[in-house]
Amino acid sequence: MTIALPPEALRRVRRLERVWEERQGVLGWITTTDHKRIGILYLFTSLLFFGAGGVEALLIRTQLIAPNQSTLSPAAFDTTMTMHGVTMIFLFVIPISTGAFGNYLVPLMIGARDMAFPRLNAFSYWVFLGSGLFIYTGVFTGHGPNAGWFDYVPLASRTYNPGPAIDFYALGLIFNAISSTAAAINFIVTIFKMRAPGMSLNRMPLFCYAFLAVSFALVFALPALSVDCVFLELDRRLGFSFFAPGRGGDVLLWQHLFWIFGHPEVYIIILPAFGIATSIIPTFTRRRMVAFPMVALAEILVAFIGFGVWAHHMFAVGLSTITTVYFAAASMIVVIPSAIQLFAWLTTLVTGRPIFKTPLLWIIGFIVFFIIGGLSGIMFAAIPFDQQLTDTYFVVAHFHFIIFGAAVFPLLGGLYYWFPKVTGRMYHEGMGKLSFWLTFVGSALTFFPMHIVGLLGMPRRQYTYPAGVGWDSYNLFETIGAYILAAGLVLLVVNLVVSYFRGAVAEADPFGGATLEWSTSSPPPPYNYAVIPTVSSAYPMWDVEDRQEDVRKLNRGEMVLDEGHETPASTVLDANFDEILDMPSDSPWPIVTALMITGIFAMILTGHLVAMCVFLALFAASLAGWHGVEPQEA
Amino acid sequence: MGVPRSMEATYDSAAARVDRGRLAMPNGWWGAALFIATELTLFGCLIATYFYLRFNNPHWPPPGVEHPKVALPLILTAILVSTTVPIFFAVRAARAGNARLTWLLFFVAVLVQGGYFGIQVHEFLSDLDKMSPHDSAYASIYFTLIGAHHAHVVVGIAIELWVLWKLFGGLTNYRMIGVRVAAFYWYFVSFLAVAVVLTQIYPSL
Amino acid sequence: MWLGIVAAPAAWACQHVFGFGVTKAGCSIGSRGWNVPIDSWTIIAGAVAAALAITGLVASILTFRAVSGADNDTAPPEGRIYFMSICGIVISPLFLAIIVMSTIATVVLTNCHQG
């Protein structure tokens, strides 16, 4: 803090610093329960997986640069293509948006000092890391999953895929689901119960609405995937008959359960991006978001309706039309909440006073890609159209416009936007803009021609294609685009790394943001807020009187909560102050428990049932150890 | 202010007072509720799979497989559901600050639930002798659904054993929440027992 | 307030799952003997769900009018009620649309025709 504090206030701040002091070194990071440190762990791990997924993408594009290439053998192509999807979805986009952005920012935005369950938070991270290493162990031992990211039976059954590759997939995804489920539960309880008193639902930042929607979607979608993977493993390892048509089973059962998970999953992917966009736009247009209640509602509605559209991934499998129309109808209406948000963003941009700095450029790029990707998506809601273009590159174009253009662009913009807050340094603006343009042009060049080549009939997931059919030049452009895109991303990484060491020192609020994280120092202290903030609108940083009241409160010693590792809990709807909670500090139990779970899954994979039971017992013991230490004792 | 520092309630009557004075449900309760939501969804998927496969098969159960028993499963389920009564009163006792009565009522519940589980294991193994998941989707979903429920009963018993162990040291705010979570979990398992048993005996209805 | 937010989504969710189930029951080999009257059930489910969705809309409009004078910044509970009533007013017609669309389409199309 740069303002001089009177001695009383200073003494309170010093006390907070002492109580919240964090262990340093490797041991400190392994036992941390601080949401900010956990966010950073998630960030680096998911960026590493992003790199892996990116390499896989470049391998695919290099293989497809021209007909009949042999960069990748057919088997290698199948594994690369599968791992590209699995890595990007389960090991990059979900962890970076929920684990990195969500973890770091949600407690700050609601005026809390940590998540509701700090040890569970750490546990989510270690389980995520374990699941990623687990799946990649399969890849590096020559048994990488190879039946596509949606792993349809019967290709994934033991008959057609006898090795352990699919077991790495199925067990790995169940393992990964534990991490995401724990994180989702943590977010919901945090957002419901830990908001600063006064932050009723109508005053909660839109970013938090997006994460509330994401978390509820994860809670209800992941069990379907886990059940599906359990069925698959039972069929493969114990000879069950879920997917065996000759014994009363059904291969479509896999597809139904998968897409009951899979469609909400893609809304889970896009919603954090919506949240980031709705945070960046008000800051850089210097006005409030148009139609706040409708945007908040739209975020939740997209997730909710998204549960009812799953069979639109199955329009071409032979279901009767009276069944599929339910899903076509819902698929057409699900576009409306997204459109509400889009119009709100555009209106805010047009009626505001925009400052075209790097974060806003990424959001504008996001809007462009989202419009195009959304339009190609809504076209698929028409069953006849879908049946012509299913399994062609038109689908690939649609979802890459959405997943890369619309989900990842705001993440990259968010990296720039919150970089000063997290590191205390400013990024280089010129290099930032260049990295945006390279990535934008590269993405357009990579993914747009896929619409055309898909309409011309090029099927997806094929390791090569014949010459002379008219697809060659499009594929060439796409590969060139992919390399340009990669260059843009490399430049982004270089910018952030160099700026971390040599960037200008950043102040608390370099952009004039509206939400509470901009009131802390850059980076924030371990206790986030010396005083639990006073809140009377959804744009707290723009309420000057409230921020002055905070300073007065610090001087009076009100809502400082410095008697222990303390933070307030309030009621769900109106955030009435309810109790003062003691939070646990550093603990070894999260990582120990995660290690035991890794052991359980490894033993299931290798078929050592006795060892699995040993790990199960150890897992129970570590849970007991964890819960034996009550938060006030930690 | 009147707002308590909840974690400072480290003895019986203090913990009870904090619990009664709260406006909202405690964080631990919310966490348990959401976890239960995921498990409910899981069982929803299992039961939906049961009926999906049923629609997929002209004969259900398939030829050669006998119809499920009706009486014994229903009786066992009724016994399990009845343990929610001592559990309900255990929570009331805890909220009144009476750790000993809470302990006793949970102990009674655990004994009955343990007996229930033993009989169910016997039934499960004897069913396996009569039909195999290798032979039919019916058997596959039958054993998976019922096995999943039994696994949840085991977890519930483990949670209660943990609560019983910790209650030797009296009630604190943390343990009070633990008692409420254990009870909530058992209400959920009992509800599941009814849904699962109805699905299980459906072909004989 | 709650009725306005919950009625339409709940109605759609039930009609969606029930309708899906009815088409499955009517068209699958395992249930051929049941002779499910698909169209009748579809119309009944659609009508009930539509009625509930409209109820939700009315409830939201009444709630909105009850807090007239509030806006999104108003202190709770009025501000929060205003916020949630707007949610209900926007939600209900959307779900009503899905319910009506799926009911009409299912009735018009030939039953059990694969496509």
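**Figure 1. Four salt bridges cross the interface of chain A and chain B.** Keep in mind that this is a predicted model. Let's start where the chains meet. Side chains of opposite charge can pair when their charged atoms come close. One pair to look for is B:Arg5 with A:Glu566, whose closest N and O atoms sit 2.5 Å apart. The rule also picks out 22 residue pairs in polar contact across this interface.

**Figure 2. Helices and strands of chain A supply residues to the side that touches chain B.** Helix 6 (165–193), helix 7 (206–238), helix 8 (251–285) and helix 19 (609–628) each give at least two residues, and so do strand 1 (566–570) and strand 2 (577–582). Which helix gives the largest share of this side? That's helix 7 of chain A, with nine residues. Sort this side of chain A by class and you get 29 nonpolar, twelve polar and ten charged residues.

**Figure 3. Chain A and chain B bury about 4000 Å² between them.** Carbon and sulfur atoms account for 64% of that area. Three residues to pick out are A:Asp578, A:Ile580 and A:Glu630: they supply 14% of the area that chain A buries against chain B, more than any other three residues. In terms of contacts, 51 residues of chain A meet 44 residues of chain B.

**Figure 4. A salt bridge within chain A joins A:Arg37 and A:Glu22.** Their closest N and O atoms are 3.5 Å apart. A:Arg37 belongs to helix 3 (residues 35–63), while A:Glu22 is in the loop between helix 1 (7–19) and helix 2 (25–30), so the pair links parts of the chain 15 residues apart. Are these two buried or exposed? A:Arg37 counts as buried, because its relative accessibility is just 8%. A:Glu22 is buried too, at 18%.

**Figure 5. In chain B, B:Glu66 and B:Lys130 form a salt bridge.** Here the closest N and O atoms are 3.9 Å apart. B:Glu66 lies in the loop between helix 2 (27–56) and helix 3 (71–82), and B:Lys130 is in helix 5 (residues 99–130), so the pair ties together parts that are 64 residues apart in sequence. B:Lys130 is partly exposed, at 41% relative accessibility.

**Figure 6. Salt bridges that share partners make one network.** Its members are A:Glu579, B:Asp19, B:Arg22, B:Arg95 and B:Arg180. Look for B:Asp19 and B:Arg22, whose side chains meet at 3.1 Å, N to O. Both B:Asp19 and B:Arg22 are buried. Over all chains, the salt-bridge count comes to 25.

How values were computed. Residues are numbered from 1 along each chain as its sequence is written. Chains are lettered from A and ligands numbered from 1 in the order in which they are written. This is a predicted model: local features need pLDDT of at least 70, side-chain atom pairs count only at pLDDT 80 or more; totals for chains, interfaces and linings use all residues. Side-chain values use heavy atoms; hydrogens and water are left out. Contact means heavy atoms within 4.5 Å. Buried area is the accessible area (1.4 Å probe) that two parts lose on being put together, summed over both. A polar contact is a pair of N or O atoms within 3.5 Å; within protein, one must be able to donate a hydrogen and the other to accept it, and residues adjacent in sequence count only if both atoms are side-chain atoms. Helices (H or I, at least four residues) and strands (E, at least two) are DSSP runs, numbered from the N terminus. Ala, Val, Leu, Ile, Met, Phe, Trp, Tyr, Cys and Pro count as nonpolar, Asp, Glu, Lys and Arg as charged, and the others, Gly among them, as polar. Buried means under 20% relative accessible area, exposed over 50%, partly exposed in between (1.4 Å probe, protein chains only).
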